[in-house]
Amino acid sequence: MTILKTPITRYLLAALLLFTFQLPNIECQAKNLETSQQPNHPRDHRGKGKFDPNKHFQRLQAYITKEAGLTQDEAARFFPIFKETREQERKIHQAIRKKIHASQRAGLSEKESEKLLAEIQELSLSEAKLKNANIKKWRKVLSASKVLKVLKAESDFNRQTFREFSKR
């Protein structure tokens, strides 16, 4: 038993035992890696977080149509306007996000920060004005009660979608 007393032998023995117990874990990890790299495999989590704007809009459209009780004719007249207005709002949101990200640059002076903040406030005001103008456009196609139902349905859909994404 004098051979076990040398540090190198103890180290090799410990490494061998550790490797023996870790081998099934390594094999399992390798198998998971192989399956996750196969496209459309049930364990493929990479595609779950991907956002498809067209699918999202189709789901939103179906949800709003059902929850607001829109007829086919109303939906056919409303959703082209709705899509256009949402695109305008999205552009403003992007501009605001860009300004906020620009504010994170190191070395902005107080004067530059004030200017950037004023631009963000101006964009926020234009967003509110756009929202009011969009509701006026929707009123040309839908009754006031249906516009309110659309706003509620859209809010509920967004909340539901956020919960789904947060669970992933």
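Here is a walk through this structure, from the overall fold to its main pocket and then to its salt bridges.

Keep in mind from the start that this is a predicted model. The protein chain is built from five helices and has zero strands, so if you trace the elements from the N terminus on, you read α-α-α-α-α. Of its 168 residues, 20% count as buried. The accessible surface comes to about 13100 Å², and carbon and sulfur atoms account for 60% of that. What about contacts along the chain? Among those between residues at least 6 apart in sequence, 64% join residues at least 24 apart.

Now to the empty space. Rolling a probe the size of a water molecule over the atoms shows where such space is left. The largest pocket has a volume of about 650 Å³. It is lined by 19 residues, and the ones closest to its centre are Phe51, His56, Leu60, Arg86 and Arg90. Which helices each supply at least two residues of the lining? Look at α2 (53-68), α3 (72-103) and α5 (144-167). The largest share comes from α3, with eight residues. Sorted by class, the lining has seven nonpolar, five polar and seven charged residues.

Phe51 is a good place to stop for a moment. You'll find Phe51 in the loop between α1 (7-36) and α2. Leaving out residues up to four places away in sequence, Phe51 touches His56 and Phe165. His56 is another of the residues closest to the centre of the largest pocket. Phe165 is a long way off in sequence, 114 residues from Phe51, but the two C-alpha atoms are 9.8 Å apart in space.

Next, the charged side chains. Side chains of opposite charge can pair when their charged atoms come close. In this model the count comes to ten salt bridges. One of them joins Arg86 and Glu89, with 2.5 Å from N to O. Why are these two separated by about one helical turn? Because they are three residues apart in helix α3. Are they buried or exposed? Arg86 has a relative accessible area of 16%, so it is buried by the under-20% cut-off. Glu89 counts as buried too, at 9% relative accessibility. The pair doesn't stand alone, either: Arg86, Glu89 and Glu154 are linked in a network of salt bridges. Remember that Arg86 has already turned up among the residues closest to the centre of the largest pocket, so this residue ties the two parts of the tour together.

Helix α5 has salt bridges of its own to look at. Lys152 and Asp156 meet through their side chains at 2.8 Å, N to O. Being four residues apart in helix α5, these two are separated by about one helical turn. Asp156 also meets Arg159, at 3.2 Å from N to O. Here the spacing is three residues, again within helix α5 and again about one turn of the helix. How open are the basic partners of Asp156? Lys152 counts as exposed, at 51% relative accessibility, whereas Arg159 counts as partly exposed, at 40%. Set that beside the pair in helix α3, where Arg86 and Glu89 are both buried.

Terms used: Residues are numbered from 1 along each chain as its sequence is written. This is a predicted model: local features need pLDDT of at least 70, side-chain atom pairs count only at pLDDT 80 or more; totals for chains, interfaces and linings use all residues. Side-chain values use heavy atoms; hydrogens and water are left out. On a 1 Å grid over the protein atoms alone, a cavity is a set of points where a 1.4 Å probe fits but cannot get out, and a pocket is an open set with protein on both sides within 12 Å along at least five of seven lines; lining residues have an atom within 4 Å of a point. Grid points are joined across faces, edges and corners, and a volume is the space filled by probe spheres set on the points. Ala, Val, Leu, Ile, Met, Phe, Trp, Tyr, Cys and Pro count as nonpolar, Asp, Glu, Lys and Arg as charged, and the others, Gly among them, as polar. Contact means heavy atoms within 4.5 Å. A salt bridge is a side-chain nitrogen of Lys or Arg within 4 Å of a carboxyl oxygen of Asp or Glu. Buried means under 20% relative accessible area, exposed over 50%, partly exposed in between (1.4 Å probe, protein chains only). Accessible areas come from the Shrake-Rupley method with a 1.4 Å probe; for residues, only the protein chains shown count as cover.
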